[in-house]
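Work through the three exercises below with the sequence and the 3D view open. Try each task before reading its solution.

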Amino acid sequence: MFVIDAHLDLSMNALEWNRDLTRPLAELNQREVGLTDKPDRAKAVVTLPELRKGNIGLVVATQIGRYVAPGNPLPGWHSPEQAWAQTQGQVAWYKAMEDAGQMVQVNNLESLEKHLTYWNDGQSTETKAVGYILSLEGADSIVTVQHLERAHKYGLRAVGPAHYGPGRYAQGTDATGYMGPKGHELLKEMERLNIILDATHLCDDSFWEALDHFNGHVWASHNNCRALVNHNRQYSDEMIKALVDRGAVIGAALDAWMMVPGWVRGVSTPKGMNCNMEVMVDHIDHICQVAGNALHVGMGTDLDGAFGREQCPYDLETIADLQKVPDLLKKRGYTDVDIENMMHGNWLRFLRKAWG
């Protein structure tokens, strides 16, 4: 089945992890054997060939560059200008992938429909260019609000104002507090440019403020449910209802600590915590129960978002295993139409409305 994945950190893996994502997954992992600088070395699950194997023809692909103020212990850049430069390197990698015929940017309704026709023409996907919609995870790298228009010109179509901790425009995961005037200015410019608001990673205060001040299209690229894993990174039922009321789609994430309660990074194991793909379906099912239908959830895996097989479902070896999800959903009683919607249809409906 054709799949859309609403959140992949491809350029971060290519540039910061130094992974050649055009190569076979086994080769990429073999090259990392013995490396210890990252917890997921030799455990990657995402490459462009694996996306093709999994019939994942369209992804929301990120840029990311965090600014950290003095005293902030999180990793990041010491000035917004450095963070901007980091994101420009990431844009350069996506463009290089386009030049190599590996990827193709999708940034409006015409390019979306053209790509869907190309990908679903019945021919082998083995050498097809994977479509990508460019998104920015955390807006710290937007040096001034005027930089947003520059980013829109090279294809940026979605922005999450915050990532982890305090940000320049909003407060993110594990932080508290409001967006304030600069955040409101960012939202206003996003609305003018028809850039999608990605509500993912916003702390509760900033989440509600963003919904109050933004009148454009809202989605949540990779989020799970607080009712199942009680942490501020997840959405409460009230937040899910608010997103449903806005016509949002929420992408179910496959990062184990967001899937099962009590996960301890670097200690817990997927098998030890009984974290398999059925758990993802638990979160999907919860969103559907809150929404009252299957029209507001999709795939948003976050696979290779600084983790690999050590921190994702034990029955997932590669991102191509998303093709197991339809059978899991069918076992829960979802119809074929529901399943198609959750694998791609809900994202397509959202994009057609946003770009129509």
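**Exercise 1. Find which residues touch the most other members of the largest nonpolar core, and which helix gives the most to it.**

Solution. The model is a predicted one. Its largest nonpolar core holds 115 residues. Those that touch the most other members are L10, V59, L148, M190, L243, I284 and L303. The helix that gives the most to this core is α13, residues 336-355, with nine residues.

**Exercise 2. Follow L243 into its surroundings: what does L243 touch, and what covers the buried residues of α9?**

Solution. Leave out residues up to four places away in sequence; L243 then touches A199, F207, V218, A220, Y235, A248 and I250. L243 lies in helix α9 (residues 237-245), where M239, I240, A242 and V244 are buried as well. Among the elements covering the buried residues of α9 are α8 (204-213), β7 (218-219), β8 (250-252) and α11 (277-291). Just after α9, G247 has a positive phi of about 80°.

**Exercise 3. Check the span of helix α4 (residues 80-99), then work out how its buried residues are placed around the axis.**

Solution. Step one: α4 has 20 residues, and at 1.5 Å a residue the expected span is 28 Å. The C-alpha atoms at its ends are 29 Å apart, which agrees.

Step two: the buried residues of α4 are P80, A83, W84, Q86, T87, Q90, V91, W93, Y94 and M97. Their arc around the axis is only 170°, so they lie on the same side of α4. An α-helix has 3.6 residues a turn, so residues three or four places apart point the same way.

Step three: look just past α4, where G101 takes a positive phi of about 75°.

How values were computed:
Residues are numbered from 1 along each chain as its sequence is written. This is a predicted model: local features need pLDDT of at least 70, side-chain atom pairs count only at pLDDT 80 or more; totals for chains, interfaces and linings use all residues. Side-chain values use heavy atoms; hydrogens and water are left out. A nonpolar core is a set of buried Ala, Val, Leu, Ile, Met, Phe, Trp, Tyr and Cys residues joined through side-chain atoms within 4.5 Å. Buried means under 20% relative accessible area, exposed over 50%, partly exposed in between (1.4 Å probe, protein chains only). Helices (H or I, at least four residues) and strands (E, at least two) are DSSP runs, numbered from the N terminus. Contact means heavy atoms within 4.5 Å. The expected span of a helix is 1.5 Å times one less than its number of residues. The arc is that of the directions from the helix axis to the C-beta atoms.
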